[in-house]
Amino acid sequence: MITLKIGDKAPNFEALDEQGNLVKLSDYQGKKLVLFFYPKASTPGCTMEACNLRDNYQTFLAKGYDIVGVSADAAKRQQNFKAKHKLPFPLLADESKEVINAFGVWGPKKFMGRTYDGIHRTTFVIDENGVIEDIITKVKTKQHTTQILKEQ
């Protein structure tokens with residue numbers, strides 16, 4: 001599970017987004033990055049979270065943030081999710097779970113009395129120098145922007 005702490009250097013990652021473009025942490029050097037991990041595209045909670053970020057995207061840009069979503073979904077599922085909800089940010093199709101494991105968000109989960117391995121909904125806020133400035137593990141899908149930007 002998550003071993004990264006606030007103040008740690010973010011793991012250097014690279015993965016393909018929903019269009020097959022290579023996305024790397026170094027692409028965001030000099031910018032703040034909201035890197036959000038979600039369990040599965042097009043599920044209710046993930047849709048609420050992504051749409052909350054979409055609805056506030058201009059606010060993020062105005063404050064110097066870029067946004068990237070990550071799940072283990074295939075690129076086609078990510079494409080459909082992005083198109084259906086008009087998401088303006090890249091979604092990494094991390095089927096190999098390299099980025100997911102690097103950030104430590106894969107592990108045992110419980111749902112309706114069943115235990116299984118999956119992605120723990122987690123958001124990392126990374127500063128301009130690649131240092132983690134916040135880790136949000138108790139994501140409120142409908143108020144995620146408020147959590148990230150610390151607005152009351």
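What follows is a set of questions and replies on how features of this predicted model earn their labels.

Me: What kind of model is this, and how are residues numbered?
Reply: The model is predicted, so local features need pLDDT of at least 70 and side-chain atom pairs count only at pLDDT 80 or more, while totals for chains, interfaces and linings use all residues. Residues are numbered from 1 along each chain as its sequence is written, and side-chain values use heavy atoms, with hydrogens and water left out.

Me: Why are strands E3 and E4 called a pair?
Reply: Two strands pair if DSSP finds at least two bridges between them. Strand E3 (residues 32-37) and strand E4 (residues 65-71) have 6 bridges, in the parallel sense, so they meet the rule. Val-34, for instance, has Ile-67 in E4 as its bridge partner. The names come from DSSP runs numbered from the N terminus: helices are H or I with at least four residues, strands are E with at least two.

Me: What makes E5 and E9 edge strands?
Reply: The open sheet has 5 strands in the order E5-E4-E3-E8-E9, with mixed pairing. Strand E5 (91-93) and strand E9 (132-136) each have a single partner strand, so one side of each is left without a neighbour in the sheet. From one strand to the next the twist averages 20°.

Me: Where does helix H3 lie, and at what angle to E5 does it run?
Reply: Helix H3 (residues 75-85) lies across E4 and E5 and runs at about 160° to E5. Contact here means heavy atoms within 4.5 Å. Axes are lines fitted to C-alpha atoms, for helices over the stretch in contact, and angles run from 0 to 180 degrees between N-to-C directions.

Me: In which sense do E6 and E7 pair?
Reply: Strand E6 (residues 106-111) and strand E7 (residues 114-119) pair in the antiparallel sense over 6 bridges. In E7, Thr-115 is the bridge partner of Lys-110. The hairpin has 2 residues between the strands, and Met-112 takes a positive phi near 50°.

Me: Why do Cys-46 and Cys-51 not form a disulfide?
Reply: A disulfide is a pair of cysteine sulfur atoms within 2.5 Å. The closest cysteine sulfur to that of Cys-46 is in Cys-51, 11 Å away, which is too far for a bond. The search of the whole structure finds 0 disulfides.

Me: Are these two cysteines buried or exposed?
Reply: Buried means under 20% relative accessible area, exposed over 50%, and partly exposed in between (1.4 Å probe, protein chains only). Cys-46 has 1% relative accessibility and counts as buried; Cys-51, at 13%, also counts as buried.

Me: What makes Asp-73 and Lys-40 a salt bridge?
Reply: The rule asks for a side-chain nitrogen of Lys or Arg within 4 Å of a carboxyl oxygen of Asp or Glu. Here the N to O distance is 3.7 Å, so the pair qualifies. Asp-73 is in the loop between E4 and H3, Lys-40 in the loop between E3 and helix H1 (44-55), 33 residues apart. Asp-73 is buried at 5%, whereas Lys-40 is partly exposed at 39%.

Me: How many salt bridges does the rule give?
Reply: The count comes to 8 salt bridges. Among them, Glu-49 and Arg-121 have their closest N and O atoms 2.8 Å apart. That pair links helix H1 with the loop between E7 and strand E8 (122-126), 72 residues apart. Glu-49 counts as buried, at 0% relative accessibility.
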